[in-house]
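Thanks for sending this one over. Here are my notes, in the order I would go through them with the model open.

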Amino acid sequence: MRLRHKPWALDYMKEQSSIYIADPSTLKGNWSSEFKNTNPIFIEVGSGKGAFITGMAKQYPDVNFIAIELFESVAVTIVQKMVEEPLENVRVLTVDAKDLRDFFKEGEVARVYLNFSDPWPKSRHAKRRLTYKTFLATYEEILPKNGQIHFKTDNRKLFESSLMTMSAYGMTFDWMSLDLHANEPENNVRTEYEERFSALGQPIYRMEATYTN
Ligand SMILES: C[S@@+](CC[C@H](N)C(=O)[O-])C[C@H]1O[C@@H](n2cnc3c(N)ncnc32)[C@H](O)[C@@H]1O
C-alpha cells in the first residue's frame, strides 16, 4: 500500500475515543465491557482503509469487529469513515499483529480475517508474511479451540505458501476457491484491494482454515 504520511492522524484518532482504542492492552480480557455486549469478536489483521470491516459490521450487527492496522496514516481513513457513518460494533487499533497476545486473552477472539496481506515474495522475508508459523501461533493463542482464519488474496504465491504453512501447522481447510468472483457468494464483502485486482481481471483466492488443536 502506498503510504502518504499524515502527521495529524494520531491526534485525530485519539479524539475519537469511541472508535479508536489508543491503549488496547488495558482491555485485554475485557473487550465485552468496551462493546457493552458479549457478542463474538472478529478481528481483521491488516485492515487497510477498512472497506471490509465496515461492510462486515453493517452486514453482521451482532458481531463485534476490530480492525488491526499497523499504520496510523492508513487506519485514520477507517476512523474518518466511522465519524461520517457511525458503527457501534467496530473499533480500530494501530498495533502490530505480532503483539496481538498483549491485547487479547486466550480465546477472546472468535475469528481472524486476513485480506490481501502483504505478499513478501522474497524467501528471505517469509517470516514477515502474516501466515508464517509464528503469526499462526499468535492467532491460535487468542482464538478458541478449533478457531478459524478466513483468508483472501490475489497473490497465488502467497496463497500457496499460506496453504503450506497452515497445513504444516496442522490446520485443515473447510472452504476454498481459486476464483472467488467466478461464483461470488452473496455475502462476500469486497476489500479495497479485492476491488482493484478484480477490476484488472485477476482471480481472487479464498480459504477458510481451522486449527485442529
Ligand atoms: C496490502 S494491504 C491490504 C489492505 C486491505 N486488507 C485490503 O484488502 O484492501 C495490507 C495491509 O496490512 C497492513 N499490515 C501489514 N503488516 C501488518 C502487521 N504486522 N500488523 C498489522 N497490520 C499490518 C499494512 O499496513 C496494509 O495496510
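The points below cover the ligand site, the salt bridges and a surface patch.

1. Please keep in mind that this is a predicted model. The distances and areas in the points below are therefore computed from a predicted model.

2. Let's begin at the ligand. There are 19 residues around the ligand, and G46, E69, N115, T191 and Y193 come nearest.

3. Some polar contacts are worth displaying. The side chain of D96 places an N or O atom 3.0 Å from a nitrogen atom of the ligand. At N115 it is the backbone that takes part, with an N or O atom 2.9 Å from a ligand nitrogen. Y193 also uses its backbone: a polar atom there is 3.0 Å from an oxygen atom of the ligand. As for cover, the ligand has 600 Å² of accessible area on its own, and the protein covers 94% of that area.

4. Next, the salt bridges, of which the structure holds 10. One of them pairs E34 with R91, where the closest N and O atoms are 2.6 Å apart. These partners come from distant parts of the chain: E34 sits in helix α2 (residues 31-35) and R91 in strand β3 (residues 90-93), with their positions 57 residues apart in sequence. Are these two residues buried or exposed? Both E34 and R91 are buried.

5. Another salt bridge joins the side chains of K58 and E85, at 3.4 Å from N to O. K58 belongs to helix α3 (residues 51-59), while E85 is in the loop between α4 (72-84) and β3, so this pair ties together parts that are 27 residues apart in sequence. K58 is partly exposed, at a relative accessible area of 46%. E85 is partly exposed too, at 43%.

6. Please also have a look at E184 and R190, which form a salt bridge with their closest N and O atoms 2.7 Å apart. Through salt bridges that share partners, E184, R190 and E195 become one network. Partly exposed is the right label for E184, because its relative accessible area is 28%. R190 counts as partly exposed as well, at 26% relative accessibility.

7. Lastly, the surface. Which residues make the nonpolar surface patch of about 270 Å²? They are L3, L70 and F71. L3 lies in the segment before α1 (9-15). With 42% relative accessibility, L3 counts as partly exposed.

How values were computed
Residues are numbered from 1 along each chain as its sequence is written. This is a predicted model: local features need pLDDT of at least 70, side-chain atom pairs count only at pLDDT 80 or more; totals for chains, interfaces and linings use all residues. Side-chain values use heavy atoms; hydrogens and water are left out. Patches are made of residues with over 30% relative accessible area and no salt bridge: like charges are joined within 9 Å, nonpolar side chains (Val, Leu, Ile, Met, Phe, Trp, Tyr) within 5 Å. Accessible areas come from the Shrake-Rupley method with a 1.4 Å probe; for residues, only the protein chains shown count as cover. A salt bridge is a side-chain nitrogen of Lys or Arg within 4 Å of a carboxyl oxygen of Asp or Glu. Helices (H or I, at least four residues) and strands (E, at least two) are DSSP runs, numbered from the N terminus. Buried means under 20% relative accessible area, exposed over 50%, partly exposed in between (1.4 Å probe, protein chains only). A residue is near a molecule or strand if one of its heavy atoms lies within 4 Å of it. A polar contact is a pair of N or O atoms within 3.5 Å; within protein, one must be able to donate a hydrogen and the other to accept it, and residues adjacent in sequence count only if both atoms are side-chain atoms.
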